[in-house]
Amino acid sequence: MDLTQELKSVIKGEVLDDDASLSADAHDASIFEIRPRVVVRPADVGDLQALVAFVASRRERGLSLTPRSAGTDMTGGAIGESVIVEMTPHFGRIKEVGDGYAVTEPGVYYRDFEEATLAKGWLLPSYPASRELCTVGGMAANNSGGEKSLRYGKTDRYVERVRAVLRDGREYEFGPLRKDELDHKMAQQDLEGDVYRRVYRIVEDRYDLVKRARPDVSKNSAGYGLWDVWDRKTFDMTKLLVGSQGTLGILTEVRFRLVKPAAHSKLLVIFLRDFAKVADVANAVLTFGPESFESYDDNTLKFAMRYFGDIAKRMGGIGSLALAWQFLPEAWMTLTGGLPKLVLLAEFTGATEDEVDAQLAKAKEAASRLGVACRVTRTEAEARKYWVIRRESFNLLRHHLKKLHTAPFIDDFCVRPADLPKFLPELYAILDRYDFIFTVAGHVGDGNFHIIPLMNLADPKTKSVIEELSAKVYALVFKYGGSTTGEHNDGLIRGPYLRAMFGDEVFGLFGEVKAAFDPDGIFNPGKKVGASLDYALGHLKTK
């Protein structure tokens, strides 16, 4: 009996091995291509438990499970060469939206989740730029963040508990525990008790080392979040599972804490001619508490102006004449001195419009004193233009470029904002040595930037360029004490740099975490501690 038939005898859901299904799941939003053996769509938790037990009992066959939801992962985290487990077809229920919380299955699209929570006056504020495409399960798996992370933090801050199937094929619930509750868990003579004992020993025996390992930046998704598991009062295993990219088990349910969204918002748009004043402007504006503080560069703006029609569609069908009117400030700047090198978007929110206007006026005055051009958007449509450019630039490039491909491999580093005046010129000096176009967007308030080179992946030289450029950029990031990934996670592309980022001893602790949960490597192998740059570069897509 072949694998497909075996799996069909084990689960009620669909088991697919046709060319279209395998080809579709061979890709995510990354630069990689790995064709799986089979695609499985478990019908329910019972199916998922049976599937894990099946794979775990056949370790000698080298089978593994890679969870996948919307496939928007930019790191290769949602692809694998064995069994792809699609969560969107049958794990798409929002179970409950209550007073400040929601319970949901992982395959729910964020756009649907937000619609349901906003209907009751609540919001999950850690959504990424791919908010219209991603799922809440993917957000938890990657520990995603986005434009509101400056004020609200990332997804791990909002996960109150999770349910997950571990390697024994049983579903467990994880959440914060008091010490007496932890002691009870560790006394259990089963897999759950063993996992708790082993993780506790990791974080307690090397407590100071673990705490020092936390990257000194505002956002980090690299490695396993050991430093947040235990503070000698509360033990919270969700801090490991969130951000683990399905390498420790498969999530089946998440309970999120929600926040009340602000009633009013307006945007301060700041135009910088160079990087010299980035930190001064950022620090001046941050003083007045923006809810988000985003940026994009001149290349991003050029592409947005080139693909005028797409911007109009994403703004809700605004007419071309009306959209052209919206671009008058940028057109005037081009005529009088060229496009700005960076556009900064500082969003101010509050309970009343007067409150927002007061903070905006102070921030604008502070920025203007530094000699930079800035303006306050007057209408929601005017602000939406800037948000669409910021959020949709990656998708615009993917859809319009024919011979060149968006190549996210140095796309998510994070450094301290105070270091940006020195860091950014050094970064651009590296990038300028290479003959390709690239766009820069990101979260300037967090020092978190997304650099997307446009490359011909079929060119034989591309592989060596990716390896060489990654090494140079990440060496620079480490020089400034930064993280390789603020919110996109490690996957295939950044996992190989974990040892260099954290050092041998902490990297070894990550290995102990993986061994505690998944000693046989059945959950999403090749990611996190099992990553190999040679393997990743051997699976570059070429078209």
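1. A first residue to look at in this predicted model is Thr 377, which counts as buried, its relative accessibility being 4%. Thr 377 sits in the loop that runs between β15 (373–376) and α17 (380–400). When its neighbours within four places in sequence are left aside, the residues in contact with Thr 377 are Leu 267, Val 269, Glu 382, Ala 383 and Tyr 386.

2. Helix α11, which spans residues 278–286, has several buried positions, namely Val 278, Ala 279, Val 281, Ala 282, Ala 284 and Val 285. These buried residues of α11 pack against β12 (264–272), β13 (292–297) and β14 (342–350), and also against α16 (353–369) and α18 (420–431).

3. The nonpolar cores deserve a point of their own, since in soluble globular proteins nonpolar side chains tend to be buried together. In this model the largest nonpolar core has 62 residues, and Phe 235, Leu 240 and Phe 517 are those with the most contacts inside it. Phe 235, with its neighbours within four places in sequence left aside, is in contact with Gly 175, Pro 176, Leu 177, Leu 182, Tyr 196, Val 199, Tyr 200, Val 203, Val 229 and Trp 230. A second core, separate from that one, consists of 59 residues, among them Ile 31, Ala 363, Tyr 480 and Leu 492.

4. Leu 492 of the second core also serves as a way to place Tyr 535, a residue of helix α23 (residues 533–537). The C-alpha atoms of Tyr 535 and Leu 492 are separated by 8.3 Å, while along the chain the two residues are 43 residues apart. If residues up to four places away in sequence are not counted, Tyr 535 touches Ile 34, Glu 81 and Leu 492. With a relative accessible area of 29%, Tyr 535 is partly exposed.

5. The packing of helix α8 (residues 191–205) against helix α22 (residues 504–517) can be described by an angle of about 170° and by axes that lie 9 Å apart. Because angles over 145 degrees count as roughly antiparallel, α8 is roughly antiparallel to α22. On the side of α8 the contact is made by Val 195, Arg 198, Val 199 and Ile 202, and on the side of α22 by Leu 509, Glu 512, Val 513, Ala 515, Ala 516 and Phe 517. Of the residues in this contact between α8 and α22, eight are nonpolar, none is polar and two are charged. Two members of the contact, Val 199 and Phe 517, bring the reader back to the largest core, as Val 199 is in contact with Phe 235 and Phe 517 is one of the residues with the most contacts inside that core.

6. Helix α8 also holds salt bridges of its own, and in general side chains of opposite charge can pair when their charged atoms come close. Asp 194 forms a salt bridge with Arg 197, with 4.0 Å between the closest N and O atoms, and both residues lie in α8, three residues apart, about one turn of the helix. Asp 194 also meets Arg 198 in a salt bridge, at 3.8 Å from N to O, and this pair lies four residues apart in α8, again about one turn of the helix. Asp 194 counts as partly exposed at 23% relative accessibility, Arg 197 counts as partly exposed at 26%, and Arg 198 counts as partly exposed at 35%. Elsewhere, salt bridges that share partners join Lys 95, Arg 161, Arg 163, Glu 171, Glu 173 and Glu 253 into one network.

7. Across the whole structure a search finds 42 salt bridges, and one of them pairs Arg 61 with Glu 6, whose closest N and O atoms are 2.7 Å apart. Arg 61 lies in the loop between α3 (45–56) and β3 (65–68), whereas Glu 6 belongs to helix α1 (residues 3–10), so the pair ties together parts that are 55 residues apart in sequence. Arg 61 counts as partly exposed at 33% relative accessibility, but Glu 6 counts as buried at 14%.

8. Another glutamate to check is Glu 114, which is found in helix α4 (residues 110–118) and counts as buried at 13% relative accessibility. Not counting residues up to four places away in sequence, Glu 114 touches Leu 123, Tyr 127 and Arg 131.

Note on methods
Residues are numbered from 1 along each chain as its sequence is written. This is a predicted model: local features need pLDDT of at least 70, side-chain atom pairs count only at pLDDT 80 or more; totals for chains, interfaces and linings use all residues. Side-chain values use heavy atoms; hydrogens and water are left out. A salt bridge is a side-chain nitrogen of Lys or Arg within 4 Å of a carboxyl oxygen of Asp or Glu. Buried means under 20% relative accessible area, exposed over 50%, partly exposed in between (1.4 Å probe, protein chains only). A nonpolar core is a set of buried Ala, Val, Leu, Ile, Met, Phe, Trp, Tyr and Cys residues joined through side-chain atoms within 4.5 Å. Contact means heavy atoms within 4.5 Å. Axes are lines fitted to C-alpha atoms, for helices over the stretch in contact, and angles run from 0 to 180 degrees between N-to-C directions. Angles under 35 degrees count as roughly parallel, over 145 as roughly antiparallel, 65 to 115 as roughly perpendicular and the rest as oblique. Ala, Val, Leu, Ile, Met, Phe, Trp, Tyr, Cys and Pro count as nonpolar, Asp, Glu, Lys and Arg as charged, and the others, Gly among them, as polar.
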